[in-house]
Protein chains: 2
Amino acid sequence: MGRGLHGRVLDTLGPEITAGEYPPGSVLRTDELAQRFDVSRSVMREAVRVLESMHLVESRRRVGVTVRPRAEWNVYDPQVIRWRLAGADRAHQLRSLTVLRSAVEPVAAGLAARNATAEQCAELTECALGMVANSRGHRLEQYLRHDIAFHRVILNASGNEMFARLGDVVAEVLAGRTHHDVMFHDPDPPAVSLHVKVAEAVREGDAGLAERLTREITVGALQELDILAP
Amino acid sequence: MGRGLHGRVLDTLGPEITAGEYPPGSVLRTDELAQRFDVSRSVMREAVRVLESMHLVESRRRVGVTVRPRAEWNVYDPQVIRWRLAGADRAHQLRSLTVLRSAVEPVAAGLAARNATAEQCAELTECALGMVANSRGHRLEQYLRHDIAFHRVILNASGNEMFARLGDVVAEVLAGRTHHDVMFHDPDPPAVSLHVKVAEAVREGDAGLAERLTREITVGALQELDILAP
DNA sequence: GGGATCAAAAAATCAGACTTATACATCACA
DNA sequence: TGTGATGTATAAGTCTGATTTTTTGATCCC
């Protein structure tokens with residue numbers, strides 16, 4: 001997404017760094033980078049500032065722009081997540097995020113059962129039915145769209161802003177799963193019906209049930225990636 | 001933390017925006033801001049780029065720098081979290097983060113029971129003992145230091161990078177709790193002993209127990225803030 | 001060898017000119 | 001009167017070159 005020249009620079013420099021092409025401690029010089037991307041120093045500096053705010057690099061006088069160790073990266077930054085999902089450690093990233101989902105979504109579902117509005121309950125049911133309708137006959141794209149919408153509604157209905165902001169992340173994970181490794185064939189019927197049951201539980205306001213059912217869903221997601229169920 | 005002039009600008013502009021002083025849709029002009037902070041336009045532009053990467057503002061030609069609605073902010077950015085914790089909606093932020101903790105930490109503890117190294121187990125025990133030793137006699141600061149270290153070790157030992165990066169967030173929450181509203185007096189003895197038991201469970205490799213015990217801890221944290229236990 | 005001094009390097013800052021996209025108003029035409 | 005093309009002012013975007021500041025590493029002196 002070229003939001004200007006500096007954005008264009010980030011589109012190639014960001015993925016390079018997150019892919020580990022420059023090992024931690026590597027030093028880049030702004031002048032050289034500006035030459036390489038054929039932009040002015042000011043544009044290059046803005047790009048570096050953004051990378052710095054993501055804790056991907058650190059800029060110090062007399063030294064240059066040094067790449068930070070991955071342990072310090074802002075791994076929750078949606079941009080960083082996208083870069084990593086597009087790069088070499090896609091698999092590793094998907095696993096991390098799936099574990100995060102397994103922790104967050106059940107709790108979010110429980111909260112949704114308490115806080116969801118009537119409108120959100122209706123949306124949820126609609127999504128679940130859409131999943132059922134597209135669960136057979138290799139209609140993966142339509143199924144995915146409803147699946148993403150379902151989980152997004154849950155996270156939003158939880159009423160917790162931190163959960164709500166994970167909607168995009170979950171969407172990326174679900175899309176990644178469908179488009180890549182797993183899911184060559186139709187989704188498991190039990191998984192589909194779990195979603196319907198979650199929608200019901202939320203509608204009924206049964207927080208405990210909604211949480212347990214969602215936990216079953218996320219355990220399934222973990223098992224798909226051969227991660228031991230906790 | 002003045003990492004240069006643009007950092008100095010952010011130190012006042014960031015909190016202002018996250019505090020809601022400029023309602024969503026407000027337009028700022030870079031030239032005016034540059035004048036106000038008495039910096040050059042280049043410095044001001046760098047600051048705006050950082051705010052933009054946090055999704056706090058959006059910069060568009062012929063319009064200016066418009067403040068985005070809070071629902072779009074990168075609320076996981078540690079900088080944004082610090083700004084919000086320092087500002088008006090500190091209480092609201094603490095609640096959101098505590099709910100997030102209640103979802104993440106039990107799962108992290110379960111994983112820690114499977115993945116913790118011997119060294120991490122030792123650290124954990126040390127922290128728990130430190131908490132016990134400082135749980136009486138109004139030694140709140142020493143207690144806090146061990147408490148923070150304890151939860152940080154758990155998150156790191158989980159082996160999940162997304163969990164590990166929440167260490168700073170949890171530290172902020174614990175510190176906020178101690179220094180502000182709650183915790184005028186010594187911590188509850190049951191809460192302290194729960195930490196000791198978690199350390200034991202992790203050492204023994206009992207994932208289920210570690211998870212349940214940690215859930216008890218986080219439920220306590222929720223109740224302190226009058227949040228219904230899920 | 002250890003501390004003070006100095007010089008080079010790279011980022012940081014500033015100032016000013018120029019470019020570009022676009023929101024908004026204006027106008028012509030149906 | 002409504003609608004679409006045209007024009008214009010505006011604020012961000014970009015580039016360039018000069019200048020300042022900080023910091024590293026070397027050099028020198030004791």
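1. In this predicted model, B:Val57 stands opposite B:Val67, a residue of strand β3 of chain B. The two strands concerned, β2(B) and β3(B), the latter made of residues 64-67, pair in the antiparallel sense, and four bridges join them. Helix α3 of chain B, residues 41-53, packs on the sheet and touches both β2 and β3 of chain B, while its direction makes about 125° with that of β2(B).

2. It helps to place that pair in its sheet, which is an open one of three strands in chain B, with the order β1-β3-β2 and antiparallel pairing. Why is one side of β1 and of β2 in chain B left without a neighbour in the sheet? Both β1 (27-28) and β2 (57-60) stand at the edges, where each has a single partner strand, so one side of each has no neighbour in the sheet.

3. Helix α7 of chain B, which runs over residues 140-157, allows a simple check of its length. Its 18 residues, at 1.5 Å a residue, should span 26 Å, and because its end C-alpha atoms are 25 Å apart, the expected span and the model agree. Just after α7(B) comes B:Gly159, whose phi is positive, near 80°.

4. Many residues of α7(B) can be looked up for burial, and the buried ones include B:Tyr143, B:Leu144, B:Ile148, B:Phe150, B:Val153 and B:Ala157. Polar and charged side chains can be found in the list too: B:His146, B:Asp147, B:His151 and B:Asn156 are also buried. The partners against which the buried residues of α7(B) pack are α5 (90-115), α6 (118-133), α8 (161-164), α9 (167-179) and α10 (189-204), each of them in chain B.

5. Turning to chain A as a whole, its secondary structure comes to 11 helices and three strands, and from the N terminus on the elements run α-β-α-α-β-β-α-α-α-α-α-α-α-α. The C-alpha atoms of chain A fill a box of roughly 65 × 35 × 35 Å along the principal axes. Of the 230 residues in chain A, 43% count as buried. When contacts in chain A between residues at least 6 apart in sequence are considered, 65% of them join residues at least 24 apart.

6. Where chains A and B touch, each chain contributes 29 residues to the contact. On the chain A side, at least two residues each come from α3 (41-53), α5 (90-115), α8 (161-164) and α11 (207-224), and α5(A) supplies the largest share, 10 residues. By kind, the residues on this side of chain A divide into 14 nonpolar, eight polar and seven charged.

7. Which residues come closest to DNA strand D? Of the 20 residues that surround this strand, the closest are A:Gly4, A:Leu5, A:Ser40, A:Arg62 and B:Arg29. The elements that give two or more residues to this surface are α1 (5-18) and α3 of chain A, together with α2 (30-37) and β3 of chain B; α3(A) gives the most, with three residues. The surface near DNA strand D divides into five nonpolar, seven polar and eight charged residues.

8. Around DNA strand C there are 20 residues, of which A:Arg29, B:Gly4, B:Leu5, B:Ser40 and B:Arg62 come nearest. Here two or more residues come from each of α2 (30-37) and β3 (64-67) of chain A, and from each of α1 (5-18) and α3 of chain B. The residues of the surface near DNA strand C divide into five nonpolar, seven polar and eight charged.

Terms used: Residues are numbered from 1 along each chain as its sequence is written. Chains are lettered from A and ligands numbered from 1 in the order in which they are written. This is a predicted model: local features need pLDDT of at least 70, side-chain atom pairs count only at pLDDT 80 or more; totals for chains, interfaces and linings use all residues. Two strands pair if DSSP finds at least two bridges between them. Two residues are in contact if their C-beta atoms, placed from the backbone, lie within 7 Å. Axes are lines fitted to C-alpha atoms, for helices over the stretch in contact, and angles run from 0 to 180 degrees between N-to-C directions. Ala, Val, Leu, Ile, Met, Phe, Trp, Tyr, Cys and Pro count as nonpolar, Asp, Glu, Lys and Arg as charged, and the others, Gly among them, as polar. A residue is near a molecule or strand if its C-beta atom, placed from the backbone, lies within 6 Å of it. The expected span of a helix is 1.5 Å times one less than its number of residues. A residue is buried if 20 or more other C-beta atoms lie within 10 Å of its own, exposed if 12 or fewer, and partly exposed in between; C-beta atoms are placed from the backbone.
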